[in-house]
Protein chains: 2
Amino acid sequence: MRKSGGRNSGNATRSGALARRMLGVPMKFGEDTEIYGEGEPVEYAYEVEKGAIRTVKVLTDGRRKIGGFYFAGDIFGLEDGTDHDLSAETVGPATVRVIKRQTLIQLAADDRKFAEELLAIAMSDVGRAHRHALMLIMTAHERVKAFFVEMAQRIAIGDLVQLPMSRQDIADHLGLTIETVSRTITALAGTSTLALPSSRLIVLRNRSALMRGAGAEFEAGGH
Amino acid sequence: MRKSGGRNSGNATRSGALARRMLGVPMKFGEDTEIYGEGEPVEYAYEVEKGAIRTVKVLTDGRRKIGGFYFAGDIFGLEDGTDHDLSAETVGPATVRVIKRQTLIQLAADDRKFAEELLAIAMSDVGRAHRHALMLIMTAHERVKAFFVEMAQRIAIGDLVQLPMSRQDIADHLGLTIETVSRTITALAGTSTLALPSSRLIVLRNRSALMRGAGAEFEAGGH
DNA sequence: CGACGCCTTGATAAATGTCAAACGTCGTGG
DNA sequence: CCACGACGTTTGACATTTATCAAGGCGTCG
């Protein structure tokens, strides 16, 4: 379904809770590669070391939903229940630290500080999921703006955002069609809110215009 | 904004992680009463003992979003960060167990089993938020159906669902207008998928028709 | 009995999705 | 080195869904 430029996103290797402790085994994955599938048992937790990951759910009628994107330093795959609710795939080539869920729980039991950190990660995931849900009740323009605000916070280098994901991925994350996303981005470029040297390269020209109406409360809490 | 019949939802007192351990102080609240406000510091965690709670966010332009509903046995208020992202209000008169967040963390540190349970609660919240987000990308009909499927799982007594919340609450939870919700419910009653003896009383007449297309994956995982 | 709030229903407008085609970029092969 | 082809993206015309505006019904409580 994809091929795209093998250009991988420029976000540097940020270290997260696992990397700092040298936990887990780094594994490399190619582009558009499944790391775990929907319905598979939850056995591991993962931390992105390099690249980007998306969690995906495909409905029976073919519609696709992207639960979230994970970048360097982010942890994913932490779910309750026995089976994964969504599958996880690489957006581009990526390196991921893998650790047994059971090991993680064990470590948490032995190390109180780590336990708190783990709980904090789970709770911040709750916050992220809530913000995502909040975003989905807004208009198409607001959703797209909110998406860029989030990307600005998470993967911007200065005013530059190098998008690792396709328009289709963005659309599936925002619950919109690719056409609506494309039109909205064009409109934002028209008002000089942002500029796009290429479709995957976004320059933030006016952050306050971007924030305006884009949830208006995405700065608070900053996760 | 509300007055409604003081009829409180019939769901019995289910006990959750706190009540089972006799933790926290039970407090009574009247209808439509704020338990904590958006922006307030996160100091306590809460468990519903009786009644129903909604978490609310009001956007600057007046739009209202309901993050979720919590019923007997459910825990809410567990957030990371220092401030609440959404406020919490009673839907009808309710009893809520209140416990200091710090106490909870302390307990978790001492009791490994409890720590795991706490982590599981946070993770299941993530799951719920994801399902909510998933629901929000579907059509109005599907969202309403999914809502009733969820209610059927969470507060049904047999085939009877006694809704504690107003149409407006449902609309704000589903990201729809009250009119669209109303029309959709009428349509579902028209196809005998459900019957409504009164606006707050729903009889599930055809669960499979309700599930059909309503996410189709809401049974799996059952939280 | 009357008023108020909630819910439903109807007519119309606006937003977004669908279908279709053209454009640009990039990699491949002549 | 250039031409072609594939794919992702953009743009356009039109259909559909949902929101908005407006009014009426219905039950509940004072």
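How many nonpolar, polar and charged residues does the surface near DNA strand C have? I looked this up before anything else, bearing in mind that the model is predicted. The surface has four nonpolar, eight polar and eight charged residues.

**Entry: the surface near DNA strand C**

I listed the residues around DNA strand C and found 20 of them. Those that come nearest are A:Ala140, A:Thr180, B:Arg167, B:Arg183 and B:Thr186. I then checked which part of the strand is involved: sugar and phosphate account for 65% of the atoms of DNA strand C that come within 4 Å of the protein.

I next asked which helices supply this surface. Helix H6 (178–190) of chain A and helix H6 (178–190) of chain B each provide at least two residues. H6(B) gives the most, with four residues.

**Entry: polar contacts with DNA strand C**

I looked up three side chains of chain A. For A:Thr180, a polar side-chain atom lies 2.6 Å from a phosphate oxygen of the strand. For A:Thr177, an N or O atom of the side chain is 3.3 Å from a phosphate oxygen. For A:Glu179, I noted a base nitrogen of DNA strand C 2.9 Å from an N or O atom in the side chain.

**Entry: chain A as a whole**

I recorded seven helices and eleven strands for chain A. Of its 223 residues, 55% are buried. Among contacts in chain A with a separation of 6 or more, I found that 74% join residues 24 or more positions apart. The chain exposes about 9400 Å², and carbon and sulfur atoms supply 53% of that area.

**Entry: salt bridges**

I counted 30 salt bridges over all chains. In one of them, the side chains of A:Arg20 and A:Glu117 meet at 2.7 Å, N to O. A:Arg20 lies in helix H1 (residues 17–20) of chain A and A:Glu117 in helix H3 (residues 112–135) of chain A, so the pair ties together parts that are 97 residues apart in sequence. I noted A:Glu117 as partly exposed, with a relative accessible area of 21%.

In chain B, I found B:Asp61 paired with B:Arg63, the closest N and O atoms being 2.8 Å apart. B:Arg63 is partly exposed, at 27% relative accessible area.

I also looked up B:Glu116 and B:Arg112, whose salt bridge has its closest N and O atoms 3.7 Å apart. Both residues lie in helix H3 (residues 112–136) of chain B, four residues apart, about one turn of the helix. B:Glu116 is partly exposed at 37% relative accessibility, and B:Arg112 is partly exposed at 39%.

Finally, I traced one network in which salt bridges that share partners join A:Asp32, A:Arg54, A:Arg64, A:Glu89, A:Asp169 and A:Asp172.

Definitions and conventions: Residues numbered from 1 in each chain as written. Chains lettered and ligands numbered in written order. Predicted model: local features only at pLDDT ≥ 70, side-chain atom pairs only at ≥ 80, totals over all residues. Heavy atoms only, no water. Near = heavy atom within 4 Å. Polar contact = N/O pair within 3.5 Å; in protein donor to acceptor, adjacent residues only side chain to side chain. Nonpolar A, V, L, I, M, F, W, Y, C, P; charged D, E, K, R; others polar. Buried < 20%, exposed > 50% of the residue type's maximum accessible area, 1.4 Å probe, protein only. Contact = heavy atoms within 4.5 Å. Areas by Shrake-Rupley, 256 points an atom, 1.4 Å probe, with all protein chains shown as cover. Salt bridge = Lys/Arg side-chain N within 4 Å of Asp/Glu carboxyl O.
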